[in-house]
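Here is a short tour to read alongside the model. Please keep the sequence and the 3D view open as you go.

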Amino acid sequence: MNYYVMTLFPEMIEQGLHTSVIGRAIGKGILSLHCENIRDYTKEKHGHVDDYPYGGGAGMVMQAQPVYDCYQNICEKIGETGTGKPRVIYLTPQGKTFDQTMSRELAQEENLVFLCGHYEGIDERVLEMIVTDYVSIGDYVLTGGELPAMVMIDSISRNIPGVLNNDISAETESFSDGLLEYPQYTRPEEFMGQRVPDVLLSGHHANIERWRRNQSILRTYERRPDLFEEAVYDKKDMKFIREELGIQRVKHYIEKK
Ligand code: 6GU
């Protein structure tokens with residue numbers, strides 16, 4: 001996966017993503033990250049990239065020209081190796097809400113371009129010309145698209161083979177089957193009088209798997225009732241759900257998972 005980020009704050013993105021798991025994947029060559037400073041593409045002598053909004057109103061608007069020229073430069077770079085026009089994601093609270101399904105889908109792309117806005121936004125004409133996807137990371141307002149771009153890059157990258165040390169963990173985690181993850185424990189067996197659940201010390205793998213599945217169900221019911229309602233349950237799940245939660249019927253049921 002090759003990421004291209006158009007931003008006025010390239011060092012913010014580079015600093016944030018050259019750390020930990022994502023930084024290591026870049027080092028290994030599984031991912032590449034190219035941050036382009038939109039300011040480098042302005043043709044104005046004072047280096048301005050923004051101006052007052054036509055029609056008046058508060059704040060400033062990012063101009064079309066530097067954004068468009070920055071985009072063209074990225075397309076030329078990709079053109080040497082790539083396959084046609086890349087998807088261009090504009091980070092905006094007006095976009096579709098990012099989730100794990102979108103994350104997995106975007107992980108299939110060869111190149112992804114992120115456009116980070118600031119001030120009151122970007123001239124609509126350049127957005128219409130280059131943007132393929134309008135994406136938000138949730139219903140709250142941020143000062144710019146940099147943090148959302150970093151959130152998306154982190155999440156998308158975890159779905160790319162070789163980025164995580166253990167290939168299975170992207171699958172067994174929260175959301176992979178629509179339920180939250182079960183609780184985890186490590187040494188010591190007793191901490192401030194609190195013992196690790198006996199079943200985890202038993203070495204009985206089938207029992208451990210059942211206990212974890214039940215914990216996932218319970219936790220999702222308590223913390224995310226919206227996800228609990230949409231998950232798919234089998235016969236063994238239903239026995240637990242009836243006995244522990246007193247719920248007789250669920251929306252999605254299959255005989256055996
Ligand atoms: Cl993608 N951008 C901004 N500026 N604010 C946001 C957002 C994006 N997603 C949620 N809030």
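The notes below cover the domains, one strand and its partners, and the salt bridges.

This is a predicted model. The protein chain is assigned two stretches, domain 1 (2-157) and domain 2 (190-253). A search of the whole structure turns up 15 salt bridges, and some of them are described further down.

**Domains**
- Domain 1 covers residues 2-157, and domain 2 covers residues 190-253.
- Measuring from C-alpha centre to C-alpha centre in the model, domain 1 and domain 2 are 40 Å apart.

**Strand E1 and its neighbours**
- Strand E1 spans residues 2-7, and 5 of its 6 residues are buried, so the rest of the structure largely encloses this strand.
- Strand E2 (residues 32-37) pairs with E1 in the parallel sense, with 6 bridges between them.
- To find this pairing in the view, look for Thr7, which stands opposite Asn37 in E2.
- Strand E6 (residues 111-116) also runs parallel to E1, and 5 bridges join the two.
- A handy landmark here is Met6, whose bridge partner in E6 is Leu115.

**The salt bridge between Arg87 and Glu105**
- The side chains of Arg87 and Glu105 meet in a salt bridge, at 2.8 Å from N to O.
- This pair links distant parts of the chain, 18 residues apart: Arg87 belongs to strand E5 (residues 87-97), and Glu105 to helix H4 (residues 100-106).
- Arg87 has a relative accessible area of 17%, so it counts as buried, the cut-off being under 20%.
- Its partner Glu105 is partly exposed, at 42% relative accessibility.
- Arg87 and Glu105 also belong to a network of salt bridges that includes Glu109 and Asp133.

**Two further salt bridges**
- Arg125 and Asp123 form a salt bridge through their side chains, with an N to O distance of 2.7 Å.
- Which of these two partners is buried or exposed? Arg125 is exposed, with a relative accessible area of 54%, whereas Asp123 is buried, at 18% relative accessibility.
- Glu189 forms a salt bridge with Arg195, and the closest N and O atoms of this pair are 3.4 Å apart.
- Glu189 is partly exposed at 44% relative accessibility, and Arg195 is partly exposed with a relative accessible area of 44%.

Definitions and conventions
Residues are numbered from 1 along each chain as its sequence is written. This is a predicted model: local features need pLDDT of at least 70, side-chain atom pairs count only at pLDDT 80 or more; totals for chains, interfaces and linings use all residues. Side-chain values use heavy atoms; hydrogens and water are left out. Domain bounds come from an automatic or database domain assignment. Buried means under 20% relative accessible area, exposed over 50%, partly exposed in between (1.4 Å probe, protein chains only). Helices (H or I, at least four residues) and strands (E, at least two) are DSSP runs, numbered from the N terminus. Two strands pair if DSSP finds at least two bridges between them. A salt bridge is a side-chain nitrogen of Lys or Arg within 4 Å of a carboxyl oxygen of Asp or Glu.
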